[in-house]
Amino acid sequence: MIDSRCIPSFAVLTAILLSVAPRPAAATEAVLSAPGAPDAVRQALENSALSLQAASEPDASAQDIFAAARADYARLVGVLYARGYYGPEVHVTLDGREAADLSPLSVPARIGRVEIRVATGRPFAFSEAQIDPLAPGTDLPEGFAPGRPAEAGTIRAAAEAGVDGWRTAGHARARVAGQSLIANHPGATLAARVRLDPGPAVRFGDLVIASGSRVREERLRAIAGLPMGEPFDPEALDRSAERLRRTGAFRSVRLTEAETLGPGNSMDIGLEVVDQKKRRLGFGIELSSLEGATVSGYWMHRNLLGGAERLRFDFEIAGIGGQEGGGEDLSLSARFDRPAVIDADTGLYLLGAVEDLDEPDYTETNARVGGGLTRIFTPHLSGEAGVLLRYSDVSDDLGDRQLTHLTFPVSLTWDRRDDALDAHDGFYLDGSVTPLLAVGGAAESGALIKADARIYQPLGARVVLAGRAQIGSVVGASSDGVPPALLFFSGGGGTVRGQPYQSLAVDLPNGDRIGGRSFVGLSGEARIGVTRAIQMVAFYDAGFVGPDSWVSDGDWHSGAGLGLRYDTGIGPIRFDIAAPVDGDTGDGVQFYIGIGQAF
């Protein structure tokens with residue numbers, strides 16, 4: 001045993017000895033034995049043993065190994081306590097001598113063998129698992145109960161759950177006031193009793209803002225939406241931080257609770273933010289053997305007017321060098337977003353966009369301008385509603401015409417994916433309804449309906465099954481009463497890989513082609529991890545286009561292929577090669593290169 005009164009002197013002597021240039025230890029043998037211990041426990045002990053790691057280093061000195069061995073006693077006992085072993089024996093010997101008995105002044109110049117022997121003893125179970133008082137609705141860990149393994153981590157988790165329960169009930173100063181852990185070694189049981197102090201019920205005080213941000217203080221308060229004067233709620237605190245983060249104006253957001261309570265048990269909240277750079281520029285590129293290249297980019301200005309507003313310009317040039325007819329498609333858009341215009345979760349957007357589309361079956365030049373409101377309902381559910389004026393000048397197999405619509409787009413997005421660029425688990429649902437009011441030219445009134453559903457299911461650590469379903473419909477208006485860009489085609493990287501771009505449409509009796517008023521797209525992928533960075537993919541896509549608003553008459557086609565993904569750390573690079581499976585819209589093999597998963 002080491003007398004705790006000797007620790008300061010021991011630390012000084014060790015520091016002096018370690019400051020001397022060490023002599024490397026040569027080929028130190030290191031072993032750990034734990035007879036009767038489960039494999040998982042033995043592996044945890046080996047992973048935590050610093051002396052095993054030090055002995056494996058070719059340039060480790062004897063003093064390095066000695067210092068690591070002295071630290072291993074507490075580390076290995078901690079590993080065993082965490083797994084419910086409360087009567088262990090741990091021996092760490094250096095060339096047959098117990099490391100705890102060695103003086104720092106008598107460490108040999110070379111250590112040839114490190115041996116760790118662990119007798120875990122019997123695993124303990126709870127004879128008593130008590131924590132009180134508990135707030136109503138507190139959910140304790142299932143393992144914190146008599147007869148269950150008495151792991152130290154379970155006790156800590158139960159104490160944290162108890163404190164969190166009181167904080168959720170408005171008692172921000174809840175804490176662990178005491179604990180009693182009584183081990184019965186003959187019976188291998190542990191009686192655990194934890195006492196909580198809920199403290200007083202607390203209300204939110206003022207938001208105290210640290211200086212340094214270019215965003216005005218009144219805007220910081222409006223965006224955070226801290227419910228001052230209302231009962232404390234840790235979820236409300238998290239929501240305030242998330243509102244600030246999602247503006248994109250800040251590199252970091254930190255909310256802190258005041259150490260002392262104010263009048264009426266009010267608690268001030270401190271806010272510190274670090275601003276992002278004002279401007280950002282980005283580019284992207286995708287390549288298809290038939291569709292050609294697509295180049296896109298954006299320029300964004302954060303905190304445009306001092307209220308965390310965002311102005312973003314996007315451009316895209318698609319169909320560069322394409323082989324499927326048509327020419328380049330050009331688009332340019334500008335969007336202004338201002339958060340917290342009605343309340344903390346409601347924002348304003350203004351939008352302007354122009355497009356010049358040269359597609360295989362039509363040409364269209366259009367312009368859109370308008371605005372609306374955005375709403376964050378929950379961290380995973382958001383929506384938009386707006387009013388846009390849309391003008392289109394089109395030419396297709398139905399003739400030349402101009403159409404002017406007043407549109408009212410409404411959309412909802414429910415996103416539970418674990419990663420938007422490379423999802424492994426969860427789901428994504430997006431739906432929109434856009435009423436179309438004819439206000440000029442050959443326009444007809446109606447509505448555009450779209451939905452996109454995706455699901456991701458992991459199978460073990462390396463396999464992910466991904467599925468996607470898309471539907472679309474134009475109701476109430478004929479095909480020549482809406483712009484061709486709002487009708488549906490199938491084929492290409494966004495719908496059916498392996499089929500030529502927009503190769504499936506509605507065939508007219510005279511041999512002409514137009515877009516459909518209904519669409520269904522189905523995709524399935526099996527993503528298999530080969531290494532940490534490389535993933536193989538097998539996929540199958542199918543698409544339907546019909547002349548009516550709902551699926552009835554129409555045609556299907558499909559394609560399948562293999563793909564490769566390389567994880568760059570910020571998203572995978574995608575390479576797919578595919579060929580037609582069913583339908584008469586194409587033949588041959590196509591390839592696609594892009595950034596991010598196909599869906």
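These are my notebook entries on a predicted model, taken one feature at a time.

**Entry 1: the four-stranded sheet**

I started with an open sheet of four strands. Its order is β1-β4-β2-β3, and the pairing is mixed. At the edges I find β1 (29–33) and β3 (97–98); each has a single partner strand, so one side of each is left without a neighbour in the sheet. I then looked at how β1 is held. Its pairing with β4 (residues 113–119) is parallel and runs over five bridges. For a landmark on screen I used S33, which stands opposite R117 in β4. A reminder to myself: strands of a sheet pair through backbone hydrogen bonds, either parallel or antiparallel.

Next I asked what α4 (residues 62–82) lies across. The helix crosses β2 (89–94), β3 and β4, and it runs at about 165 degrees to β2.

**Entry 2: the cores**

Which residues have the most contacts inside the largest nonpolar core? They are L45, L94 and I116, in a core of 31 residues. I went through the elements that feed it: α2 (39–48), α3 (50–56), α4, β2 and β4 each give at least two residues. The largest share is from α4, with nine residues.

I picked L45 for a closer look. Setting aside neighbours within four places in sequence, I see L45 in contact with L32, A34, L76, V79, L80 and V118. Another core lies apart from this one; it has 25 residues, and F204, V215, L220 and A249 are among them.

**Entry 3: β21, β22 and β25**

I moved on to β21 (residues 446–459) and β22 (residues 463–475). They run antiparallel and are joined by 13 bridges. One register point I noted is D452, whose bridge partner in β22 is Q470. The two strands make a hairpin with three residues between them. In that turn, G460 has a positive phi of about 75 degrees.

β22 also pairs with β25 (residues 518–529), again antiparallel, through 11 bridges. Here my register point is G472, with F519 as its bridge partner in β25. For reading side chains off strands, I keep in mind that in a regular strand they alternate between the two faces of the sheet.

**Entry 4: rings and charges**

How many aromatic pairs does a search of the whole structure find? It finds 11. I followed up the one between Y362 and F489, which is stacked, at 5.9 Å centre to centre with 25 degrees between the planes. The pair links distant parts of the chain. Y362 is in strand β16 (residues 362–376), while F489 is in the loop between β22 and β23 (506–507), 127 residues apart. Buried or exposed, I wondered, for Y362 and F489? Both are buried.

I also marked an aromatic cluster formed by Y81, Y86 and F124.

Then I checked two arginines. R312 has its charged end over the ring of Y298, 4.0 Å from the ring centre. R527 does likewise with F599, its charged end sitting over the ring at 5.3 Å from the centre.

**Entry 5: backbone oddities**

Most residues other than glycine have a negative phi, and most peptide bonds are trans. With that in mind I went looking for exceptions.

The peptide bond from D132 to P133 is cis, with omega near -5 degrees. I place P133 in the loop between β5 (125–132) and α5 (152–168).

D95 is not a glycine, yet its phi is positive, near 55 degrees. I found D95 in the loop between β2 and β3. Its relative accessibility is 39%, so I logged D95 as partly exposed.

A340 is not a glycine either, and it has a positive phi of about 55 degrees. Its place is the loop between β14 (329–338) and β15 (346–359). I logged A340 as buried because its relative accessibility is 11%, and buried means under 20%.

**Entry 6: P104**

Last stop was P104, in the loop between β3 and β4. Its relative accessible area is 8%, so it goes down as buried. I also took the distance from P104 to T531: they are 427 residues apart along the chain, and their C-alpha atoms are separated by 45 Å.

How values were computed: Residues numbered from 1 in each chain as written. Predicted model: local features only at pLDDT ≥ 70, side-chain atom pairs only at ≥ 80, totals over all residues. Heavy atoms only, no water. Pairing = 2+ DSSP bridges. Contact = heavy atoms within 4.5 Å. Axes fitted to C-alpha atoms, helices over the stretch in contact; angles between N-to-C directions. Core = buried A, V, L, I, M, F, W, Y, C linked by side-chain atoms within 4.5 Å. Buried < 20%, exposed > 50% of the residue type's maximum accessible area, 1.4 Å probe, protein only. Phe/Tyr/Trp six-rings, centres within 6.5 Å; stacked < 30°, edge-to-face > 60°. Lys NZ or Arg CZ within 6 Å of the ring centre and 35° of its normal.
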